[in-house]
Amino acid sequence: MTPLRPNGQPCTRAESCVIACADTWRGAGEIMASPFGTIPSLGARLAKSTFAPDLVLTDGEAALMVGAPPITTGPADVVREAAMPYRSVFDVVWSGRRHIMMMASQIDRSGNQNISAIGDHRHPDVQLIGVRGAPGNSVNHPTSYWVPDHSVRSFVEHVDVVSGVGYARAAAAGAGATRFHDVRRVVSNLGVFDFDTPDRSMRVRSYHPGVSVDEIVRATSFTLSIPDDVQETRAPTAAELQLLRTVLDPGSLRDRDVKR
Amino acid sequence: MADKRTTVDDIVAELRSGMTIGIGGWGSRRKPMALIRALCRSDLRDLTLVAYGGPDVGLLCATGKVKKVVCAFVTLDSIALDPHWRAARQEGRVDVMELDEGMFFQGLQAAAWRVPFLPTRAGLGSDVLTVNPDLRLVRSPYGADSPYVDDPSDAHVELVAMPALRLDAAVVHTNRADTAGNGQILGPDPFFDPLFLGAAERRFLTTERIVENGRLTDEGPLSAVVIHRMLTDGVAETPGGAHFTANPPDYGRDESFQKEYAGSAGDPAGWGAFSLRYIDVTEDEYQARVAQRRSS
């Protein structure tokens with residue numbers, strides 16, 4: 001699918017998602033970008049290669065790496081600039097010098113994320129990976145989410161187990177939770193969302209090329225805020241597209257991460 | 001100086017049913033698997049495991065040794081979720097104290113520093129506090145008039161009081177160790193292994209190779225000797241003892257074996273065959289079968 005774009009280069013859905021992820025790190029400065037999943041990883045590498053050169057990326061193991069090598073580069077083949085064992089990662093998390101993009105099995109209107117369990121936590125219908133670092137991440141530094149399968153099952157009214165903390169829950173928990181809380185964006189395979197509304201509920205920020213706002217509404221279990229002037233997700237520049245296709249992801253792993 | 005050399009079987013003999021046991025490593029990386037296999041074969045039961053969970057947790061759940069797991073995740077890294085853990089949870093066979101990864105770190109740190117808790121923002125607002133109703137908040141004694149408060153939102157702020165995670169015993173696996181119980185980690189990340197030992201009453205290393213005291217610098221840099229002998233009570237040599245988890249630079253993860261392990265979940269016949277071949281055997285037989293599997 002390569003629709004012709006009036007405002008830039010024709011691109012696939014996966015490429016729109018990569019651009020949307022990359023833009024979450026625009027202007028971030030010298031902080032750690034921690035992307036989970038192929039599309040966010042490509043977005044972070046694209047951002048570092050172009051408009052956010054000071055970003056800090058890990059090799060997925062225990063080091064910070066120089067530059068933004070192709071997505072398939074293993075830890076053995078990257079040029080390393082500093083050590084970053086897990087224990088040091090917490091120093092970064094709690095210092096706030098980080099913007100993570102985690103995945104979400106469920107996300108709700110207030111920005112709560114669930115990666116722990118579906119159903120009753122005591123006896124789950126489906127055990128997921130566990131809360132991981134989501135509770136701490138979400139109250140310490142900017143946090144965004146990537147949802148590759150936007151549907152009424154992933155965009156829910158209330159998540160089953162609050163792992164990453166959303167706006168209402170942070171507010172209820174008090175200043176300890178709100179001081180550094182910043183759920184920045186949600187990128188799905190259909191569009192981009194933020195919480196720039198008076199009640200900090202989820203808003204459509206843009207829809208990807210080839211997607212209608214109606215389609216997003218039908219795939220969402222709760223009422224989204226929809227601005228009158230909602231825009232299409234920006235198209236990549238020719239240079240970005242070339243970088244993505246020929247350098248960062250020549251094997252098109254990005255297309256496996258997005259089903260439609 | 002004490003010679004702390006021991007065996008995996010002697011370590012297991014020091015453990016008791018109902019104990020809280022910390023396990024080093026992270027996910028499917030540098031786990032003390034020879035010790036885990038010995039625990040699977042033992043008569044121990046009702047264990048509480050404290051771990052950045054991987055196949056250590058999955059195997060012990062699958063063999064019915066576990067009452068409760070304290071963790072933030074249970075992953076096989078290249079396979080997102082350990083299916084044996086998933087099955088144990090969905091069938092209601094184990095309890096869980098699910099924590100944020102950083103809270104877990106602070107719990108070990110509090111135990112190692114002998115304080116009852118450490119304050120943290122991590123957990124505030126999340127269901128970690130609702131699914132663990134015993135967790136408490138603590139209010140900062142420093143108000144807006146204190147010289148130590150530079151932002152008004154920190155005045156008398158409420159934080160999570162992460163309790164000390166005290167361990168009856170801890171086991172970690174290192175690349176090298178010496179006879180006195182110093183441990184050397186030659187891979188890229190020591191994870192939280194020194195803290196697990198610091199938080200525990202009885203502290204054990206398993207290792208690829210034991211050298212004489214003072215000779216670890218022949219094996220790698222001194223800065224890699226992150227476990228000193230005040231943190232250890234016994235050290236057992238178990239070549240291949242982290243298999244099938246990753247233990248660089250000695251060996252990587254055995255992905256093919258891990259797939260076989262994962263594939264045996266949720267299938268009684270498959271699990272029976274796996275168990276017969278790889279669990280109901282001595283460590284020497286296990287290593288021989290792994291070598292045979294690799295060559296076939």
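## Domains, strands and the chain A side of chain B

User: In this predicted model, how many residues of domain 1 of chain B are in contact with how many of domain 2 of chain B?

Analyst: Four residues of domain 1 of chain B are in contact with five residues of domain 2 of chain B, where a contact requires C-beta atoms, placed from the backbone, within 7 Å. By class, the domain 1 side of this boundary holds two nonpolar and two charged residues, and no polar ones.

User: What makes up each of these domains, and how far apart do their C-alpha centres lie?

Analyst: The domain assignment of chain B gives domain 1 as 5–100 + 166–278 and domain 2 as 117–163. The C-alpha centres of the two domains lie 33 Å apart.

User: Why can the radius of gyration of chain B be said to agree with that of a compact globule?

Analyst: The globule rule is 2.2 Å times the number of residues to the power 0.38. For 296 residues this gives a radius of gyration near 19 Å, and chain B has 20 Å, so the value agrees with the rule. Along the principal axes, the C-alpha atoms of chain B fill a box of roughly 70 × 50 × 30 Å, and buried residues make up 50% of the chain.

User: What share of the contacts in chain B with a separation of 6 or more comes from residues 24 or more positions apart?

Analyst: Such residues account for 73% of those contacts. As for secondary structure, chain B has 10 helices and 12 strands.

User: How do you know that β11 of chain B is paired with β9 and with β12 of chain B?

Analyst: Pairing requires at least two bridges between two strands. Strand β9 (residues 167–178) is joined to β11 (residues 200–211) by 10 bridges, the two running parallel, and β11 pairs with β12 (residues 234–237) over four bridges, also in the parallel sense. Both counts satisfy the requirement of at least two, and therefore both are pairs. Within these pairings, B:V171 stands opposite B:F204 in β11, while B:T206 stands opposite B:A236 in β12.

User: What makes up the side of chain B that touches chain A?

Analyst: In that interface, 37 residues of chain B are in contact with 36 residues of chain A. The elements α4 (83–90), α5 (101–113), α6 (128–131) and β8 (158–163) of chain B each supply at least two residues of this side. By class, the side has 20 nonpolar, eight polar and nine charged residues, with Gly counted among the polar ones.

How values were computed
Residues are numbered from 1 along each chain as its sequence is written. Chains are lettered from A and ligands numbered from 1 in the order in which they are written. This is a predicted model: local features need pLDDT of at least 70, side-chain atom pairs count only at pLDDT 80 or more; totals for chains, interfaces and linings use all residues. Two residues are in contact if their C-beta atoms, placed from the backbone, lie within 7 Å. A residue is buried if 20 or more other C-beta atoms lie within 10 Å of its own, exposed if 12 or fewer, and partly exposed in between; C-beta atoms are placed from the backbone. Domain bounds come from an automatic or database domain assignment.
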